[in-house]
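Hi,

Here is the structure I promised to pass on. Have a look at it first, and then read my notes underneath.

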Amino acid sequence: MTETNLATRPTVPTGADSGSAEPLHLAVIAGSVRDQRMSRAVAEWAAFRAATGAVEVDLIDCAEADLPDDGALRPGGGETSTVAGRIDAADAFVIVTPEYNHSYPAGLKRLIDWHYREWMFKPATILSYGVQGGLLAAEHLRGVFAELHVVTTRRVVGLSRPWEHLGATGFQPPAPVGEAFDAALHELAWWATTLRAARRDRPYAR
């Protein structure tokens, strides 16, 4: 879990010029497809915590995403997938990922690779987990998302042994974890609001 200084949180833009009248559309992505996995429970916790009157949340589960066969994959994506529209509609992303062998899982990479323009010029924060917090997976994702013009937030949250906080009502971490995630969401909201206005008013052109 990264160190959080609440006094240094960036200010989220407000007012008509920021487009704040429209809620932010946040996609929370559960990155593991294993039968016995934590990512769905963690993603549900993240989605519930992020959902407010100013944020609408869509939970996208890699285990439920119907992607075409990789043989049809082309540079810049490929055929339109069943979740392409949901990724395209998002203003920002929370990526929930385990760390497998010092990186993130193949199912998540497939979801990323099958889309291109849907990701572009949007921000993402990473909620990783593993015995050591899954932070190597988070760092590997930064490089991949940079190629897709995705801004990853400085603040990420690494969950160490989250299965120890899984109960009958789902994932219930200690309070400091929630506070760190809130700080990451606050930074994400600043980027999401800023980049949404930029995509609308100053579209990127080569």
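Below is what I found, going through it topic by topic.

One thing to keep in mind: this is a predicted model.

Let's start with the helix packing. Two packed helices are described by the angle between their axes and the distance between the axes. Here the pair to look at is helix 1, residues 39-50, and helix 5, residues 175-201: their axes come within 11 Å and cross at roughly 60°. The crossing of helix 1 with helix 5 is right-handed. On the helix 1 side, the residues that meet helix 5 are Trp 45, Ala 46, Arg 49 and Ala 50. Helix 5 brings Val 177, Gly 178, Glu 179, Phe 181, Asp 182 and Leu 185 to that contact. By class, the contact has six nonpolar residues, one polar and three charged.

Next, two arginines around the start of that part of the chain. Arg 37 sits in the loop between strand 1 (24-30) and helix 1, while Arg 40 is in helix 1 itself. Arg 37 has a relative accessible area of 23%, so it counts as partly exposed. Arg 40 is partly exposed as well, with a relative accessible area of 25%. If you leave out residues up to four places away in sequence, Arg 37 touches Ser 32, Asp 61 and Ala 63. With its neighbours within four places set aside, Arg 40 is in contact with Ala 30, Leu 59, Asp 61 and Glu 64. So Asp 61 turns up in the contacts of Arg 37 and in those of Arg 40, by the 4.5 Å heavy-atom cut-off. For some longer-range distances, the C-alpha atoms of Arg 40 and Gly 170 are 9.6 Å apart, with their positions 130 residues apart in sequence. Arg 37 and Ala 138 are 101 residues apart along the chain, and their C-alpha atoms are separated by 18 Å.

Ala 138 also belongs to the buried set of helix 4 (residues 135-147), together with Ala 137, Leu 141, Arg 142, Val 144 and Phe 145. Do note the arginine in that set: Arg 142 is buried. What do the buried residues of helix 4 pack against? They pack against strand 3, helix 3, strand 4 (123-130) and strand 5 (151-152).

Now for the backbone. Most residues other than glycine have a negative phi, and most peptide bonds are trans. Asn 101 has a positive phi, near 50°, and His 102 has one of about 70°. Asn 101 lies in the loop between strand 3 (92-98) and helix 3 (106-113), and His 102 is found in the loop between strand 3 and helix 3 too. Are they buried or exposed? Asn 101 is exposed, at a relative accessible area of 77%, and His 102 is exposed at 53%. Just after helix 4 there is His 149, with a positive phi of about 60°.

His 149 leads on to the last item, as it is one of the residues lining the second largest pocket. That pocket holds about 280 Å³ of space. The rest of its lining is Tyr 116, Arg 117, Met 120, Phe 121, Ala 198, Arg 199, Arg 202, Pro 203, Tyr 204 and Arg 206. By class, the lining splits into six nonpolar, one polar and four charged residues.

Over to you!

Technical notes. Residues numbered from 1 in each chain as written. Predicted model: local features only at pLDDT ≥ 70, side-chain atom pairs only at ≥ 80, totals over all residues. Heavy atoms only, no water. Axes fitted to C-alpha atoms, helices over the stretch in contact; angles between N-to-C directions. Helix = DSSP H or I, 4+ residues; strand = E, 2+ residues; numbered from the N terminus. Left-handed = near helix turned anticlockwise from the far one by under 90°. Nonpolar A, V, L, I, M, F, W, Y, C, P; charged D, E, K, R; others polar. Buried < 20%, exposed > 50% of the residue type's maximum accessible area, 1.4 Å probe, protein only. 1 Å grid on protein atoms, 1.4 Å probe; cavity = no way out; pocket = protein on both sides within 12 Å on 5 of 7 lines; lining within 4 Å. Points joined across faces, edges and corners; volume = space filled by probe spheres on them.
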